[in-house]
Amino acid sequence: MLRPTRGCYDAAGSSQLKSILNYIDGQFVRGKREFVDVNPANGSVIAQVTEADQSLVDMAVGAARKALRCDWGRLGVRDRSALLHKVAAEIEARFDQFVAAEVADTGKPIALASRLDVPRAAANFRVFADLIKTAGLDSFQTETPDGKGALNYAVRKPLGVVGIITPWNLPLLLLTWKVAPALACGNTVVVKPSEETPATATLLAESMAAAGIPAGVYNVVHGFGPNSAGEFLTQHPDVNAVTFTGESQTGAAIMKTVAASVKPVSFELGGKNAAIVFADCDFEEAVNGISDAAFLNTGQVCLCAERVYVERAIYDKFVEALKRKVESLAVGSPLEESTDLGPLISAQHREKVLSYYKLAREEGATVVAGGGVPQFRNELDKGFFVQPTIYTGLAESARCVKEEIFGPVCHLAPFDTEEEAVSMANDTKYGLAASIWTTNLKRGHRIAQQMNVGISWVNCWFLRDLRTPFGGVGLSGIGREGGMHSLNFYSELNNICIRL
Ligand code: NAD
């Protein structure tokens with residue numbers, strides 16, 4: 001039976017997380033079935049998560065529709081913006097709770113969650129709260145044959161109910177990246193966080209309520225993809241648009257589901273990103289930059305560089321320096337401030353990554369660093385750790401060079417000319433990001449403009465200004481979010497033409 005409760009963690013008075021609930025129409029709601037939320041650092045069960053079946057997804061979408069017609073739909077931009085700033089303040093006020101929940105769910109180092117995930121969640125609300133207040137629209141004076149003319153101007157309207165489906169690698173950061181602009185534009189949302197990381201989306205519900213966001217504006221349904229909350233949400237006739245971050249194959253499945261009702265989609269998908277390191281780079285900066293680009297968040301960032309091309313003149317020296325750097329990375333408990341790499345997200349994902357480690361050897365790779373599973377001789381051995389790994393010697397056609405692994409692993413290969421580097425970097429079905437390392441600014445611009453990707457970085461990686469366009473080409477996605485691109489996706493423009 002459905003039972004509303006007061007807190008997102010229904011733990012019978014205990015401060016321990018016991019049960020993670022759906023959030024519908026301002027209430028925490030239990031479903032009929034549960035699944036477990038596992039701490040990837042030691043394999044222990046953190047919480048039982050209550051799954052939303054079709055009827056709960058219907059309730060969530062219904063609540064979101066109702067909220068569109070009443071409180072939220074009637075609010076002006078200034079009031080909406082003020083409420084979104086309050087949500088940011090509520091996230092900041094519960095900073096430690098968000099960090100703890102994100103670390104427990106993902107196994108990411110506490111230092112990373114504190115530096116990146118939680119601050120970015122608050123920043124996502126602040127940026128879009130400000131942007132919506134100043135977002136102007138085109139207007140045109142149009143000539144007509146009779147000389148009287150016409151005036152065209154556009155007004156921005158919400159899409160309606162937006163279905164938001166997100167992955168496990170940066171759970172709160174990626175969820176709020178979509179929730180904030182969707183709400184800023186006056187939509188209501190139903191979010192389906194990853195089944196691996198349900199906690200922070202649920203905690204966010206408490207922050208929304210505390211900030212005064214009306215019931216029904218932000219709803220959370222938990223579950224899986226096919227035949228579960230994910231699919232129930234994307235195929236729902238009352239959902240007006242779907243925004244999704246995750247694997248390319250999942251994007252293809254969602255595209256099929258939404259095709260029947262021709263919903264707008266925004267897809268941020270996988271990557272097999274390249275880095276190009278020229279001999280004239282700042283050597284130390286490039287080694288540190290590539291180490292971050294390949295291994296941050298245990299390689300589980302869509303933007304991670306799994307292919308690194310290094311100019312032959314510095315290739316051997318670079319391989320050696322990166323090996324030393326990688327061997328100095330601390331792999332271990334996410335709760336230690338000094339930890340660089342936590343575990344992978346799940347036993348299943350570790351199996352996938354280790355199958356690529358095996359495949360790389362079968363495909364003829366030389367193992368420069370790592371290639372296996374670390375031993376801790378404590379409870380971390382029950383976690384889903386792998387060693388950060390560097391390979392060389394693979395053919396460009398090898399599966400390990402072509403397919404997204406999504407673990408702490410990169411392959412290094414030498415190049416001789418700019419043309420060769422560009423051609424190897426672009427030889428992929430993906431097209432999310434690239435990084436170029438050179439002190440020759442003209443070359444930096446020249447190469448960056450030739451990359452078939454959505455984001456090219458020169459002498460940096462993952463440096464984000466939230467106003468800039470973000471997205472990919474090919475298998476890496478459809479559309480751009482960020483700044484005005486988000487506002488334009490999350491709104492319908494109605495052009496009004498007045499004959500003068
Ligand atoms: P995933 O595609 O397996 O799952 C993502 C979400 O989709 C989950 O919430 C899942 O339950 C849901 N889902 C799965 N099948 C579905 C279906 N048929 N209908 C509706 N929902 C469904 O991805 P993941 O393993 O959680 O995340 C890793 C992937 O995400 C990697 O490929 C990574 O590159 C990509 N990613 C991309 C970006 C980006 O911005 N481009 C950012 C982060 C992650």
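This passage describes the two domains of a predicted model, the interface between them and the surroundings of the ligand.

The protein chain is assigned two domains. Domain 1 is made up of two segments, 18–269 and 475–499, whereas domain 2 covers 273–465. Taken over C-alpha atoms, the centres of domain 1 and domain 2 are separated by 31 Å.

At the interface, 30 residues of domain 1 are in contact with 33 residues of domain 2. About 2400 Å² of area is buried between domain 1 and domain 2, and carbon and sulfur atoms contribute 61% of this area. The polar component of the interface was also examined. Between domain 1 and domain 2, 9 residue pairs are in polar contact, with both residues at pLDDT 80 or more, while 0 salt bridges are found across this interface. On the side of domain 1 that touches domain 2, the elements giving two or more residues are α4 (95–106) and α5 (110–134). Of the elements, α5 gives the most to this side, with 6 residues. Classified by residue type, the side of domain 1 that touches domain 2 comprises 14 nonpolar, 9 polar and 7 charged residues.

The ligand is surrounded by 30 residues, of which Lys192, Glu195, Thr250, Leu269 and Glu404 come nearest. Polar side-chain atoms of three of these residues were considered individually. In the side chain of Glu195, an N or O atom is placed 2.6 Å from an oxygen atom of the ligand. For Thr250, a distance of 2.6 Å likewise separates an N or O atom of the side chain from an oxygen atom of the ligand. Glu404 has a polar side-chain atom that lies 2.6 Å from an oxygen atom of the ligand.

Terms used. Residues are numbered from 1 along each chain as its sequence is written. This is a predicted model: local features need pLDDT of at least 70, side-chain atom pairs count only at pLDDT 80 or more; totals for chains, interfaces and linings use all residues. Side-chain values use heavy atoms; hydrogens and water are left out. Domain bounds come from an automatic or database domain assignment. Contact means heavy atoms within 4.5 Å. Buried area is the accessible area (1.4 Å probe) that two parts lose on being put together, summed over both. A salt bridge is a side-chain nitrogen of Lys or Arg within 4 Å of a carboxyl oxygen of Asp or Glu. A polar contact is a pair of N or O atoms within 3.5 Å; within protein, one must be able to donate a hydrogen and the other to accept it, and residues adjacent in sequence count only if both atoms are side-chain atoms. Helices (H or I, at least four residues) and strands (E, at least two) are DSSP runs, numbered from the N terminus. Ala, Val, Leu, Ile, Met, Phe, Trp, Tyr, Cys and Pro count as nonpolar, Asp, Glu, Lys and Arg as charged, and the others, Gly among them, as polar. A residue is near a molecule or strand if one of its heavy atoms lies within 4 Å of it.
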